[in-house]
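Reader: I have a structure open and I'd like to know what sits behind the labels. Can you walk me through them?

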Amino acid sequence: MAQYSIGEALQEFLRKSRIRGDIQALEIDAAWEKIMGKTVARYTDKLHIIGDKLFVYTTVAPLKHELIYQKEKIIERVNEALGSKVIKEVIVK
(Lines give C-alpha, C1' and ligand atoms only; values in the text may rest on other atoms or scores of the structure.)
Protein backbone atom coordinates (compact mmCIF):
# COMPACT_ATOMS: atom_id res chain seq x y z
CA MET A 1 0.00 0.00 0.00
CA ALA A 2 1.42 3.37 -1.00
CA GLN A 3 1.86 6.19 1.47
CA TYR A 4 0.29 9.58 0.78
CA SER A 5 0.61 12.87 2.54
CA ILE A 6 -2.58 14.33 4.00
CA GLY A 7 -2.55 16.98 1.26
CA GLU A 8 -2.28 14.36 -1.50
CA ALA A 9 -5.05 12.26 0.04
CA LEU A 10 -7.29 15.31 0.38
CA GLN A 11 -6.64 16.36 -3.23
CA GLU A 12 -7.49 12.84 -4.44
CA PHE A 13 -10.67 12.80 -2.36
CA LEU A 14 -11.77 16.18 -3.73
CA ARG A 15 -10.96 15.12 -7.29
CA LYS A 16 -13.35 12.17 -6.99
CA SER A 17 -15.94 13.79 -4.71
CA ARG A 18 -19.30 15.36 -5.56
CA ILE A 19 -18.47 18.38 -3.41
CA ARG A 20 -15.63 19.36 -5.74
CA GLY A 21 -17.78 21.94 -7.54
CA ASP A 22 -18.85 23.50 -4.26
CA ILE A 23 -15.23 23.75 -3.10
CA GLN A 24 -14.22 25.35 -6.40
CA ALA A 25 -17.16 27.75 -6.17
CA LEU A 26 -15.92 28.80 -2.73
CA GLU A 27 -12.43 29.35 -4.16
CA ILE A 28 -13.85 31.45 -6.99
CA ASP A 29 -16.12 33.34 -4.59
CA ALA A 30 -13.13 34.18 -2.39
CA ALA A 31 -11.15 35.50 -5.37
CA TRP A 32 -14.10 37.01 -7.32
CA GLU A 33 -13.35 40.61 -6.32
CA LYS A 34 -9.72 40.20 -7.36
CA ILE A 35 -10.72 38.51 -10.63
CA MET A 36 -13.53 40.87 -11.69
CA GLY A 37 -13.13 44.01 -9.58
CA LYS A 38 -14.96 45.54 -6.63
CA THR A 39 -18.00 46.84 -8.52
CA VAL A 40 -18.78 43.54 -10.23
CA ALA A 41 -18.21 41.62 -6.98
CA ARG A 42 -20.52 43.97 -5.07
CA TYR A 43 -23.44 43.38 -7.44
CA THR A 44 -22.91 39.66 -8.00
CA ASP A 45 -25.40 37.75 -5.84
CA LYS A 46 -24.13 34.17 -6.09
CA LEU A 47 -21.63 31.92 -7.90
CA HIS A 48 -22.31 28.24 -8.51
CA ILE A 49 -20.46 25.51 -10.44
CA ILE A 50 -22.10 22.50 -12.04
CA GLY A 51 -19.68 20.34 -13.96
CA ASP A 52 -17.59 22.70 -16.08
CA LYS A 53 -20.16 25.52 -16.04
CA LEU A 54 -19.94 28.62 -13.85
CA PHE A 55 -23.30 30.17 -13.03
CA VAL A 56 -23.15 33.86 -12.11
CA TYR A 57 -26.29 35.34 -10.55
CA THR A 58 -27.07 39.07 -10.49
CA THR A 59 -30.22 41.19 -10.46
CA VAL A 60 -28.53 44.21 -12.07
CA ALA A 61 -29.49 44.24 -15.76
CA PRO A 62 -26.55 46.34 -17.08
CA LEU A 63 -24.09 44.10 -15.22
CA LYS A 64 -25.83 41.02 -16.59
CA HIS A 65 -25.32 42.29 -20.16
CA GLU A 66 -21.69 43.20 -19.49
CA LEU A 67 -20.97 39.75 -18.06
CA ILE A 68 -22.58 38.10 -21.07
CA TYR A 69 -20.26 40.04 -23.38
CA GLN A 70 -17.21 39.14 -21.31
CA LYS A 71 -17.79 35.39 -20.96
CA GLU A 72 -14.50 34.37 -22.60
CA LYS A 73 -12.49 36.76 -20.44
CA ILE A 74 -14.27 35.48 -17.31
CA ILE A 75 -13.45 31.88 -18.24
CA GLU A 76 -9.82 32.79 -18.80
CA ARG A 77 -9.48 34.73 -15.53
CA VAL A 78 -11.27 32.14 -13.39
CA ASN A 79 -9.24 29.25 -14.79
CA GLU A 80 -6.05 31.24 -14.23
CA ALA A 81 -7.07 31.92 -10.61
CA LEU A 82 -7.83 28.22 -10.01
CA GLY A 83 -4.63 27.11 -11.71
CA SER A 84 -6.35 24.69 -14.10
CA LYS A 85 -8.96 24.60 -16.85
CA VAL A 86 -11.99 23.96 -14.67
CA ILE A 87 -14.54 26.29 -16.30
CA LYS A 88 -15.51 25.93 -19.96
CA GLU A 89 -18.75 27.89 -19.98
CA VAL A 90 -20.22 30.87 -18.10
CA ILE A 91 -23.96 31.22 -17.70
CA VAL A 92 -25.28 34.55 -16.42
CA LYS A 93 -28.65 34.54 -14.68
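Reader: What makes E1 and E2 a hairpin, and which residue in the turn has a positive phi?

Author: E1 and E2 form a hairpin with two residues between them, and Gly51 in the turn has a positive phi of about 65°. The two strands pair in the antiparallel sense over five bridges; strands pair if DSSP finds at least two bridges between them. One of the bridge partnerships is Lys46 with Tyr57 in E2. Strands themselves are DSSP runs of E, at least two residues, while helices are runs of H or I, at least four residues, all numbered from the N terminus.

Reader: Before we go on, what kind of model is this, and which pLDDT limits apply?

Author: It's a predicted model: local features need pLDDT of at least 70, side-chain atom pairs count only at pLDDT 80 or more, and totals for chains, interfaces and linings use all residues. Residues are numbered from 1 along each chain as its sequence is written, and side-chain values use heavy atoms, with hydrogens and water left out.

Reader: How do you know that Lys46 lies over the face of Tyr57?

Author: The distance from the ring centre is 5.2 Å. The rule asks for NZ of Lys or CZ of Arg within 6 Å of the ring centre and within 35 degrees of the ring normal, and Lys46 does lie over the face of Tyr57.

Reader: And how many aromatic pairs are there?

Author: Zero. To pair, rings of Phe, Tyr and Trp (its six-membered ring) need centres within 6.5 Å; planes under 30 degrees apart count as stacked, over 60 as edge-to-face and the rest as tilted.

Reader: Why are E1 and E3 said to stand at the edges?

Author: The three strands form an open sheet in the order E1-E2-E3, with mixed pairing. Strand E1 (46-50) and strand E3 (89-92) each have a single partner strand, so one side of each is left without a neighbour in the sheet. On average, neighbouring strands are turned by 20° against each other, direction ignored; the axes are lines fitted to C-alpha atoms, and angles run from 0 to 180 degrees between N-to-C directions.

Reader: How many bridges join E2 to E3, and in what sense do they run?

Author: Four bridges join strand E2 (residues 53-57) to E3, and the two run parallel. Phe55 has Ile91 as its bridge partner in E3, and Val56 stands opposite Val92.

Reader: Why is Phe55 called buried?

Author: Its relative accessibility is 12%, so Phe55 counts as buried: the cut-off is under 20% relative accessible area, with exposed over 50% and partly exposed in between (1.4 Å probe, protein chains only). In E3, Val90 and Val92 point to one face and are buried, while Glu89 and Ile91 point to the other and are not.

Reader: What makes the buried residues of H5 line one face?

Author: The buried residues there are Ile74, Ile75, Val78 and Asn79. Seen down the axis of H5, they fall within an arc of 120°, so they line one face of the helix; the arc is that of the directions from the helix axis to the C-beta atoms. The face turned away carries the exposed residues Glu72, Glu76 and Glu80.

Reader: How does the span of H5 compare with the one expected?

Author: H5 (residues 71-82) has twelve residues and reaches 16 Å from its first C-alpha to its last, close to the 16 Å expected at 1.5 Å a residue. The expected span is 1.5 Å times one less than the number of residues. Just after H5, Gly83 takes a positive phi of about 85°.
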